[in-house]
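Trainee: I am new to this structure. Please take one part and walk me through it closely.

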Protein chains: 2
Amino acid sequence: MSDKHLSSQFDADLNLVSSKVLEMGGLVEAQITRAMQALNDFDIDIADQVILAEDTVNTMEVDIDEECSNVIARRQPAARDLRLLLAISKTITNLERAGDEAEKIAKRVKRLSEEGASRTVNIAEIKLSGEMAASILRRALDAFARLDTVAAAQIVRDDKAIDEEFRAFVRKLVTYMMEDPRTISVGLEFLFIAKAIERIGDHAKNIAEFIIYIVKGTDVRHKGRDTLEREALS
Amino acid sequence: MSDKHLSSQFDADLNLVSSKVLEMGGLVEAQITRAMQALNDFDIDIADQVILAEDTVNTMEVDIDEECSNVIARRQPAARDLRLLLAISKTITNLERAGDEAEKIAKRVKRLSEEGASRTVNIAEIKLSGEMAASILRRALDAFARLDTVAAAQIVRDDKAIDEEFRAFVRKLVTYMMEDPRTISVGLEFLFIAKAIERIGDHAKNIAEFIIYIVKGTDVRHKGRDTLEREALS
């Protein structure tokens, strides 16, 4: 059996795993979009759909992890190929957690709707940051598919904007609550929703960092923005 | 070179990696304890120590990940050995995140202290859940060192108690804030601290689930308590 043969078998395995990751990512992205739609319309049915689909996301994580493990055992990859598989295993953990956050949003929307909570708080920042989070997750998956480190570096930068929106919302919420303490209980629900969105952005950022690790072999986690950009663009 | 020789080399590699994980875990546990002490005494110096040591935790994560990857490439393990290394790689991600949460607590304590915020909110639940979180993380590391699935199952159960404390604190906080809206701003700081502790508990639970995966080869994530207990005790 030639090296070439071995290598093309490995490539086929890898393509299969990668396509599953993108499929999982597409589902998680849809979960986030639906959760935001449920929030926008206070729609219990859509919230229920998100809660129901969470199980599929979980199953995909476990399946892909098993597949990664099988490919490593079968093909014994080294260097970049091994890095790719290890990074995939961590990427799907981040995707699953992002899916968890979408479910948490859906559950809170459902409770708020069932309690008949009127929209007492202007949640423009939450909507904006929800759109931003879905968008950078999609771009992280695109960058993963193309192993595009330049796009990955941009995603790390853009996550900061989501964090900013979150902080702006918290500041506004404090003002609202102080002006009208009756909004406190509902306000905290929105706070947790905003926090969930901020975490989705973090997961997208983590995925982007893994892309740079796969391609460059440099672990850019915790390295600060300058190192990360230098690596990504080198 | 005999199989035995290969195997004992692998064991030596594995022991080294495992001992590094325990060392990292010990540091993270210390970070949590220190962060809680900073909170208890409103002590900026201790908070600063936590913030300073965060870098060491990050470096350990990157080092251990690289070591895992090297051992896989060099020894080409299969089955349980490979599972162990993959689970270690995910365990340290959880440890690092738990360390992040300790740092977040320290930063908020520092800000609260610098702003001269008096302790306007009774934080008994936060202190209790902080102790519980440090304790279950320690037990998760012990269970990891002994690959003790029975202890791991108990940790998954105990994490629920931390979640309960968190919810109790949020309910109390809403009452406080409504009674005295001047507590809202400080109250939210405490809310984020409580949330960070709750997440530390989640990370300990994740580590416990990996232990069951390593030993039993069954991925018990998302499987519900019954399946988990059956696997752990089988």
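Mentor: Here is a close look at one helix pair, followed by its setting. This is a predicted model, where local features need pLDDT of at least 70, side-chain atom pairs count only at pLDDT 80 or more, and totals for chains, interfaces and linings use all residues. Residues are numbered from 1 along each chain as its sequence is written, chains are lettered from A in the order in which they are written, and side-chain values use heavy atoms, without hydrogens or water.

Take helix 5 (residues 149-179) and helix 6 (residues 184-216) of chain A. Helices are DSSP runs (H or I, at least four residues), numbered from the N terminus. The two pack at an angle of about 165 degrees, and their axes are 9 Å apart. Axes are lines fitted to C-alpha atoms over the stretch in contact, and angles run from 0 to 180 degrees between N-to-C directions. Contact means heavy atoms within 4.5 Å. The angle makes helix 5 of chain A roughly antiparallel (over 145 degrees) to helix 6 of chain A. By class, their contact has 21 nonpolar, three polar and eight charged residues. Asp, Glu, Lys and Arg count as charged.

Now the setting. UniProt, in an unreviewed entry, lists residues 21-109 and 130-210 of chain A for "domain: PhoU". Residues 130-210 of chain A are 93% helix and 0% strand. Their end C-alpha atoms lie 23 Å apart. Residues 21-109 of chain A are 94% helix and 0% strand, with end C-alpha atoms 28 Å apart.

Technical notes. Parallel < 35°, antiparallel > 145°, perpendicular 65-115°, else oblique. UniProt positions renumbered as here; feature names shortened; annotations may be inferred.
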